[in-house]
Amino acid sequence: MGVEDERRRLGGAFAEGGAAYARLRPSYPREAVAWMIAEVPPGVVADVGAGTGKLTRLLVDLERDVVAVEPSTDMAMQLREGLPAVDVRVGSGESTGLDDASAAAVCYGQAWHWVEPGQGTTEAARVLRPGGVLGLVWNYMDTGDSRVDAVNQAMHVLDPGVLDKSESAGDVGAPFGHHENREFRWAWSMTTSDLAELVTTRSYYLARPEPERAEIRAAVTAAVEQHFGPAGANVELPQVTSVHRFLRP
Ligand SMILES: C[S@@+](CC[C@H](N)C(=O)[O-])C[C@H]1O[C@@H](n2cnc3c(N)ncnc32)[C@H](O)[C@@H]1O
(Lines give C-alpha, C1' and ligand atoms only; values in the text may rest on other atoms or scores of the structure.)
Protein backbone atom coordinates (compact mmCIF):
# COMPACT_ATOMS: atom_id res chain seq x y z
CA MET A 1 0.00 0.00 0.00
CA GLY A 2 1.35 3.47 -0.92
CA VAL A 3 1.94 6.24 1.63
CA GLU A 4 -1.17 8.16 0.53
CA ASP A 5 -3.43 5.06 0.59
CA GLU A 6 -2.15 4.24 4.08
CA ARG A 7 -2.69 7.85 5.22
CA ARG A 8 -6.29 7.77 3.92
CA ARG A 9 -6.97 4.33 5.50
CA LEU A 10 -5.74 5.35 8.95
CA GLY A 11 -7.11 8.92 8.81
CA GLY A 12 -10.53 7.54 7.83
CA ALA A 13 -10.51 5.15 10.80
CA PHE A 14 -11.68 8.00 13.08
CA ALA A 15 -15.09 7.92 11.36
CA GLU A 16 -16.15 5.21 13.82
CA GLY A 17 -14.85 6.64 17.06
CA GLY A 18 -16.40 10.06 17.71
CA ALA A 19 -17.92 9.42 21.16
CA ALA A 20 -14.87 7.63 22.59
CA TYR A 21 -12.61 10.31 21.14
CA ALA A 22 -14.58 13.11 22.77
CA ARG A 23 -14.48 11.35 26.14
CA LEU A 24 -10.93 10.01 26.21
CA ARG A 25 -8.59 12.31 24.29
CA PRO A 26 -7.03 15.28 26.07
CA SER A 27 -7.63 18.87 25.11
CA TYR A 28 -4.77 21.36 24.69
CA PRO A 29 -3.41 23.78 27.29
CA ARG A 30 -5.10 27.15 26.80
CA GLU A 31 -1.74 28.97 26.83
CA ALA A 32 -0.49 26.75 23.94
CA VAL A 33 -3.48 27.64 21.76
CA ALA A 34 -3.24 31.30 22.80
CA TRP A 35 0.40 31.29 21.63
CA MET A 36 -0.56 29.62 18.34
CA ILE A 37 -2.96 32.43 17.45
CA ALA A 38 -1.23 35.33 19.23
CA GLU A 39 -0.10 36.97 15.96
CA VAL A 40 -3.29 36.24 14.02
CA PRO A 41 -4.92 39.35 12.54
CA PRO A 42 -8.67 39.98 13.00
CA GLY A 43 -10.92 37.63 11.01
CA VAL A 44 -12.16 34.06 10.79
CA VAL A 45 -10.12 31.17 12.22
CA ALA A 46 -10.58 27.88 10.37
CA ASP A 47 -10.13 24.70 12.45
CA VAL A 48 -9.46 21.93 9.91
CA GLY A 49 -9.77 18.27 10.88
CA ALA A 50 -11.78 19.65 13.78
CA GLY A 51 -12.99 16.22 14.95
CA THR A 52 -15.20 16.45 18.01
CA GLY A 53 -14.12 20.05 18.58
CA LYS A 54 -11.42 19.98 21.26
CA LEU A 55 -9.37 22.71 19.57
CA THR A 56 -12.50 24.45 18.25
CA ARG A 57 -13.78 24.96 21.78
CA LEU A 58 -10.54 26.65 22.89
CA LEU A 59 -10.50 28.91 19.83
CA VAL A 60 -14.08 29.97 20.64
CA ASP A 61 -13.09 30.54 24.30
CA LEU A 62 -10.27 32.77 23.03
CA GLU A 63 -13.00 34.86 21.38
CA ARG A 64 -12.28 33.98 17.78
CA ASP A 65 -14.91 33.61 15.09
CA VAL A 66 -14.40 29.94 14.13
CA VAL A 67 -15.38 27.83 11.14
CA ALA A 68 -14.79 24.10 11.65
CA VAL A 69 -14.01 21.73 8.77
CA GLU A 70 -14.12 17.94 9.29
CA PRO A 71 -14.31 15.00 6.84
CA SER A 72 -15.94 12.49 9.24
CA THR A 73 -19.69 12.96 9.63
CA ASP A 74 -19.63 11.11 13.00
CA MET A 75 -17.05 13.54 14.38
CA ALA A 76 -18.87 16.52 12.84
CA MET A 77 -22.11 15.42 14.52
CA GLN A 78 -20.40 15.39 17.94
CA LEU A 79 -19.05 18.83 17.20
CA ARG A 80 -22.44 20.28 16.22
CA GLU A 81 -23.98 18.87 19.40
CA GLY A 82 -21.26 20.29 21.63
CA LEU A 83 -20.88 23.69 19.94
CA PRO A 84 -24.18 24.46 18.19
CA ALA A 85 -23.15 28.08 17.51
CA VAL A 86 -20.12 27.08 15.40
CA ASP A 87 -20.30 26.91 11.60
CA VAL A 88 -19.35 23.26 10.86
CA ARG A 89 -18.59 22.18 7.28
CA VAL A 90 -17.80 18.75 5.89
CA GLY A 91 -14.50 18.99 4.01
CA SER A 92 -10.85 18.03 4.17
CA GLY A 93 -7.48 19.73 4.45
CA GLU A 94 -6.89 19.11 0.76
CA SER A 95 -10.28 20.63 -0.15
CA THR A 96 -11.82 22.73 2.63
CA GLY A 97 -14.58 24.32 0.56
CA LEU A 98 -13.66 27.70 2.11
CA ASP A 99 -13.38 30.82 -0.07
CA ASP A 100 -10.09 32.29 -1.30
CA ALA A 101 -8.43 34.64 1.23
CA SER A 102 -11.36 34.16 3.63
CA ALA A 103 -9.42 33.26 6.82
CA ALA A 104 -6.97 34.97 9.16
CA ALA A 105 -5.76 31.58 10.44
CA VAL A 106 -5.95 27.95 9.42
CA CYS A 107 -5.38 25.66 12.41
CA TYR A 108 -4.96 21.92 12.76
CA GLY A 109 -5.20 20.10 16.11
CA GLN A 110 -3.60 16.67 15.90
CA ALA A 111 -4.70 16.48 12.25
CA TRP A 112 -2.11 17.92 9.84
CA HIS A 113 -0.39 14.52 9.51
CA TRP A 114 -3.61 13.12 7.97
CA VAL A 115 -3.44 15.58 5.08
CA GLU A 116 -1.44 15.11 1.89
CA PRO A 117 1.07 17.87 2.70
CA GLY A 118 1.54 19.37 -0.78
CA GLN A 119 -2.20 19.75 -1.33
CA GLY A 120 -2.77 20.84 2.27
CA THR A 121 -0.13 23.56 2.00
CA THR A 122 -1.58 24.87 -1.28
CA GLU A 123 -5.10 24.83 0.17
CA ALA A 124 -4.09 26.64 3.39
CA ALA A 125 -2.22 29.29 1.35
CA ARG A 126 -5.31 29.78 -0.85
CA VAL A 127 -7.71 30.15 2.07
CA LEU A 128 -5.45 32.46 4.12
CA ARG A 129 -5.12 36.18 3.61
CA PRO A 130 -1.54 37.57 3.38
CA GLY A 131 -0.32 38.04 6.96
CA GLY A 132 -2.44 35.08 8.11
CA VAL A 133 -1.13 32.16 10.13
CA LEU A 134 -1.06 28.40 9.62
CA GLY A 135 -1.07 26.90 13.13
CA LEU A 136 -0.36 23.25 13.86
CA VAL A 137 -0.59 21.62 17.29
CA TRP A 138 0.09 18.09 18.57
CA ASN A 139 -0.31 16.51 22.01
CA TYR A 140 2.00 13.71 23.07
CA MET A 141 2.34 11.48 26.07
CA ASP A 142 5.76 12.40 27.46
CA THR A 143 7.71 9.21 26.79
CA GLY A 144 10.74 10.72 28.54
CA ASP A 145 8.95 9.32 31.64
CA SER A 146 9.78 5.59 31.75
CA ARG A 147 6.27 4.58 32.95
CA VAL A 148 4.67 6.46 30.05
CA ASP A 149 7.19 4.94 27.67
CA ALA A 150 6.21 1.43 28.85
CA VAL A 151 2.50 2.12 28.21
CA ASN A 152 3.30 3.63 24.82
CA GLN A 153 5.32 0.52 23.87
CA ALA A 154 2.34 -1.64 24.88
CA MET A 155 0.01 0.45 22.68
CA HIS A 156 2.31 -0.46 19.79
CA VAL A 157 2.68 -4.12 20.72
CA LEU A 158 1.66 -5.18 17.18
CA ASP A 159 3.87 -2.67 15.41
CA PRO A 160 6.96 -2.40 17.64
CA GLY A 161 9.33 0.33 16.56
CA VAL A 162 6.52 2.33 14.92
CA LEU A 163 5.96 4.66 17.83
CA ASP A 164 3.97 7.88 17.61
CA LYS A 165 5.70 10.27 15.28
CA SER A 166 2.75 12.16 13.92
CA GLU A 167 4.30 15.62 14.26
CA SER A 168 4.88 16.51 10.61
CA ALA A 169 5.31 20.29 10.53
CA GLY A 170 8.44 19.77 8.38
CA ASP A 171 6.07 18.93 5.50
CA VAL A 172 4.80 22.50 5.21
CA GLY A 173 6.25 24.04 2.04
CA ALA A 174 6.18 27.30 0.07
CA PRO A 175 4.78 29.91 0.26
CA PHE A 176 5.03 29.49 4.03
CA GLY A 177 8.44 30.62 5.23
CA HIS A 178 8.74 32.12 8.68
CA HIS A 179 8.17 29.33 11.20
CA GLU A 180 8.23 29.20 15.03
CA ASN A 181 7.82 26.21 17.36
CA ARG A 182 7.20 26.01 21.12
CA GLU A 183 6.61 23.12 23.48
CA PHE A 184 4.33 23.24 26.53
CA ARG A 185 4.66 20.64 29.31
CA TRP A 186 1.71 19.75 31.52
CA ALA A 187 0.04 16.89 33.38
CA TRP A 188 -3.26 15.34 32.39
CA SER A 189 -5.44 14.26 35.35
CA MET A 190 -7.15 11.02 34.47
CA THR A 191 -7.78 7.52 35.83
CA THR A 192 -5.91 4.32 35.05
CA SER A 193 -9.12 3.02 33.42
CA ASP A 194 -9.16 5.97 31.00
CA LEU A 195 -5.45 5.53 30.30
CA ALA A 196 -6.01 1.87 29.46
CA GLU A 197 -8.90 2.80 27.17
CA LEU A 198 -7.07 5.66 25.43
CA VAL A 199 -5.57 3.33 22.83
CA THR A 200 -9.09 2.56 21.54
CA THR A 201 -9.18 6.09 20.06
CA ARG A 202 -5.93 5.68 18.11
CA SER A 203 -6.10 5.17 14.34
CA TYR A 204 -3.69 2.20 14.37
CA TYR A 205 -6.08 0.44 16.80
CA LEU A 206 -9.30 1.40 15.01
CA ALA A 207 -7.98 0.20 11.66
CA ARG A 208 -7.40 -3.39 12.99
CA PRO A 209 -9.77 -6.40 13.22
CA GLU A 210 -11.17 -7.35 16.67
CA PRO A 211 -8.73 -10.18 17.54
CA GLU A 212 -5.79 -7.79 17.10
CA ARG A 213 -7.61 -5.03 18.97
CA ALA A 214 -8.11 -7.46 21.89
CA GLU A 215 -4.38 -8.25 21.90
CA ILE A 216 -3.53 -4.54 22.08
CA ARG A 217 -6.09 -3.87 24.85
CA ALA A 218 -4.67 -6.74 26.93
CA ALA A 219 -1.08 -5.50 26.58
CA VAL A 220 -2.03 -1.93 27.47
CA THR A 221 -4.17 -2.92 30.47
CA ALA A 222 -1.29 -4.99 31.85
CA ALA A 223 1.24 -2.17 31.35
CA VAL A 224 -1.06 0.43 32.94
CA GLU A 225 -1.67 -1.77 35.96
CA GLN A 226 2.04 -2.54 36.36
CA HIS A 227 3.23 1.08 36.07
CA PHE A 228 0.29 3.22 37.27
CA GLY A 229 -1.77 0.98 39.56
CA PRO A 230 -5.10 -0.84 39.56
CA ALA A 231 -8.23 0.14 37.60
CA GLY A 232 -9.78 3.38 38.85
CA ALA A 233 -6.63 4.88 40.42
CA ASN A 234 -5.87 8.54 39.71
CA VAL A 235 -3.00 9.40 37.34
CA GLU A 236 -1.21 12.64 36.48
CA LEU A 237 -0.02 11.72 32.99
CA PRO A 238 2.95 13.79 31.75
CA GLN A 239 2.13 15.44 28.42
CA VAL A 240 3.90 17.59 25.83
CA THR A 241 2.03 19.94 23.52
CA SER A 242 4.05 21.07 20.52
CA VAL A 243 2.81 24.13 18.63
CA HIS A 244 4.00 25.41 15.24
CA ARG A 245 3.02 28.65 13.57
CA PHE A 246 3.81 29.62 9.98
CA LEU A 247 3.28 33.08 8.52
CA ARG A 248 1.50 33.42 5.16
CA PRO A 249 3.53 36.08 3.31
C1 LIG B 1 -6.73 12.95 15.96
S2 LIG B 1 -8.20 13.68 15.33
C3 LIG B 1 -8.08 15.38 15.89
C4 LIG B 1 -9.40 16.06 16.04
C5 LIG B 1 -9.39 17.49 16.62
N6 LIG B 1 -8.72 18.42 15.77
C7 LIG B 1 -8.79 17.54 18.02
O8 LIG B 1 -7.93 18.38 18.25
O9 LIG B 1 -9.21 16.77 18.87
C10 LIG B 1 -7.78 13.79 13.63
C11 LIG B 1 -8.89 14.35 12.79
O12 LIG B 1 -8.41 14.53 11.44
C13 LIG B 1 -9.45 14.18 10.58
N14 LIG B 1 -8.90 13.92 9.23
C15 LIG B 1 -8.54 12.74 8.67
N16 LIG B 1 -8.14 12.94 7.40
C17 LIG B 1 -8.22 14.29 7.17
C18 LIG B 1 -7.97 15.11 6.02
N19 LIG B 1 -7.50 14.62 4.89
N20 LIG B 1 -8.22 16.45 6.15
C21 LIG B 1 -8.66 16.98 7.32
N22 LIG B 1 -8.92 16.24 8.41
C23 LIG B 1 -8.71 14.90 8.33
C24 LIG B 1 -10.12 13.00 11.24
O25 LIG B 1 -11.43 12.78 10.75
C26 LIG B 1 -10.09 13.42 12.69
O27 LIG B 1 -11.24 14.16 13.05
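In this predicted model, the ligand is surrounded by 21 residues, and the closest of them are Y28, G49, E70, G93 and G109. By character, this shell divides into nine nonpolar, eight polar and four charged residues. Several polar approaches help to place the ligand for the reader. A polar side-chain atom of Y28 sits 2.5 Å from one of the ligand's oxygen atoms. Backbone atoms take part too: a polar backbone atom of G93 is 2.9 Å from a nitrogen atom of the ligand, and a polar backbone atom of W114 is 3.4 Å from a ligand nitrogen. The ligand on its own would expose 590 Å², and the protein buries 95% of that area.

Turning to the protein interior, the largest nonpolar core comprises 24 residues, and those with the most contacts inside it are V106, Y108, L134, L136, V172, F176 and F246. Two or more residues of this core come from each of β1 (45-48), β2 (66-69), β4 (103-109), α6 (117-127), β5 and β7 (234-247). The greatest contribution is that of β5, which supplies five residues.

L136 offers a convenient viewpoint on this core. This leucine belongs to strand β5, which spans residues 128-141. L136 counts as buried because its relative accessibility is 0%, below the 20% cut-off. Beyond its neighbours within four places in sequence, L136 touches M36, Y108, W112, A169, V172, S242, V243, H244 and F246. Among these partners, Y108, V172 and F246 are also listed with L136 as residues with the most contacts inside the core. By contrast, A150 lies 14 residues from L136 along the chain, yet the C-alpha atoms of the two are 27 Å apart.

F176 gives a second view of the same core. Leaving out neighbours within four places in sequence, F176 is in contact with T121, A124, A125, L128, L134, F246, L247, R248 and P249. F246 is thus a contact of F176 and also of L136. A second core, separate from this one, holds 21 residues, including M190, L206, V220 and F228.

A final local feature concerns helix α4, which covers residues 54-61 and has K54, L55, T56, L58 and L59 as its buried residues. An α-helix has 3.6 residues a turn, so residues three or four places apart point the same way. Just beyond the end of α4, E63 adopts a positive phi of about 65 degrees.

Key
Residues are numbered from 1 along each chain as its sequence is written. This is a predicted model: local features need pLDDT of at least 70, side-chain atom pairs count only at pLDDT 80 or more; totals for chains, interfaces and linings use all residues. Side-chain values use heavy atoms; hydrogens and water are left out. A residue is near a molecule or strand if one of its heavy atoms lies within 4 Å of it. A polar contact is a pair of N or O atoms within 3.5 Å; within protein, one must be able to donate a hydrogen and the other to accept it, and residues adjacent in sequence count only if both atoms are side-chain atoms. Accessible areas come from the Shrake-Rupley method with a 1.4 Å probe; for residues, only the protein chains shown count as cover. Ala, Val, Leu, Ile, Met, Phe, Trp, Tyr, Cys and Pro count as nonpolar, Asp, Glu, Lys and Arg as charged, and the others, Gly among them, as polar. Helices (H or I, at least four residues) and strands (E, at least two) are DSSP runs, numbered from the N terminus. Buried means under 20% relative accessible area, exposed over 50%, partly exposed in between (1.4 Å probe, protein chains only). Contact means heavy atoms within 4.5 Å. A nonpolar core is a set of buried Ala, Val, Leu, Ile, Met, Phe, Trp, Tyr and Cys residues joined through side-chain atoms within 4.5 Å.
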